[in-house]
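Trainee: I would like to practise the reasoning behind the words used for a structure, setting each value against its cut-off. Could we take them one by one?

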Amino acid sequence: MEILFLGTGTSTGVPSLCCPCEVCQSDDPRNKRLRSSILVRENGHTILVDTSTDLRQQCLRYGIQNIDTVLYTHHHADHVHGIDELRSFNFFHDKAIPCYGNQQTLDNLKLNFGYIFGKAEQIGGGIPKIVPHILEEKTYQFGDIPVTPLDIQHGNLMINGFRFHDCAYITDCSGIPENTREKLKGLKLLILNALGFKPHPTHFCLSQALEAVEAIQPARTILTHINHHFDHETVSNDLPEGVELALDGMTVEF
């Protein structure tokens, strides 16, 4: 199985528009971060986690030619607003794409993208062909990839992370429920959000993320959903052994 980091930034991306800070003005390519998303591939099946605002750019940059399944963590703009780009995959592969999210996520997608999910037919232009499915409390099998949805606290919302084999992807997390911690045992890789240095009401900051890593004890941790306060080299030099920052375009194989 291969995991490709399509984007590793927070909702604004990095650099952030209009920002004069050192990281946003940095020439270091490691400080350039598109909105967070990953692609999971194994034996010909491709899973996209979230249709980020930057989906078109990500697919062009990394040569993504096919998407078999879409998993949504939640309905916030940076994780869903690239949804219209799925229509290109419909056109060229002549198939609808199944998408999975919890009830709240799907309800918001249907509300905010009525032209896709509504009954009225749009005049002119193409409409993504998407088949929505509510995530259940079970392990799915997509191709050869087992996927277990994980309940994750995101401020007042309950959103989803996902476990693939011995890897878990958790983003926009402010708390991990006890029942989810049980599902995180024995991880070879934990991908976890660490927004910045300061506490935040809806995301782990760096110290909170490291506390979660200490409790979960994965063999390896990659931190993602990073804001513009993290200079890659400076923060990387201070991370504990087994913990590293994600990079756009980074691949991990199992």
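Trainee: Where is Asn227 found, and why is Asn227 called buried?

Mentor: In this model, which is predicted, Asn227 sits in the loop between β12 (220-224) and α8 (232-238). A residue counts as buried when its relative accessible area is under 20%, and Asn227 has 11%, so the word buried applies to Asn227.

Trainee: Which residues does Asn227 touch, leaving aside those up to four places away in sequence?

Mentor: With those set aside, Asn227 touches Thr10, Val14, Arg33, Leu195 and Gly196, where touching requires heavy atoms within 4.5 Å.

Trainee: How many disulfides does the structure hold, and how do you know that Cys19 and Cys21 are not bonded to each other?

Mentor: The structure holds 0 disulfides. A disulfide is a covalent bond between the sulfur atoms of two cysteines. The cut-off for calling a pair a disulfide is 2.5 Å between the sulfurs, whereas the sulfur of Cys19 is 3.5 Å from the closest cysteine sulfur, that of Cys21, and this is therefore too far for a bond. Cys173 is in no disulfide either, since the nearest cysteine sulfur, in Cys205, is 11 Å away.

Trainee: What makes Cys19 and Cys173 count as buried or exposed?

Mentor: Their relative accessible areas decide it, with the limit for buried at under 20%: Cys19 has 14% and therefore counts as buried, and Cys173, with 0%, is buried too.

Trainee: Which residues touch the most other members of the largest nonpolar core?

Mentor: That core has 26 residues, and those that touch the most other members are Ile170, Leu184, Leu190, Leu192 and Leu223. The elements that give two or more residues to this core are β8 (145-154), β9 (157-164), β10 (167-170), β11 (189-193), α7 (206-216) and β13 (243-245), and the largest share, 5 residues, comes from α7. Apart from this core lies another one, of 24 residues, among them Leu71, Leu189, Ile191 and Ala246.

Trainee: How do you know whether the radius of gyration of the protein agrees with that of a compact globule?

Mentor: For 254 residues, a compact globule would have a radius of gyration near 18 Å, and because the protein has 18 Å, the two agree. The C-alpha trace spans about 55 × 45 × 35 Å along its principal axes, and 54% of the 254 residues count as buried.

Definitions and conventions. Residues numbered from 1 in each chain as written. Predicted model: local features only at pLDDT ≥ 70, side-chain atom pairs only at ≥ 80, totals over all residues. Heavy atoms only, no water. Core = buried A, V, L, I, M, F, W, Y, C linked by side-chain atoms within 4.5 Å. Buried < 20%, exposed > 50% of the residue type's maximum accessible area, 1.4 Å probe, protein only. Helix = DSSP H or I, 4+ residues; strand = E, 2+ residues; numbered from the N terminus. Rg over C-alpha atoms; globule rule 2.2 N^0.38 Å.
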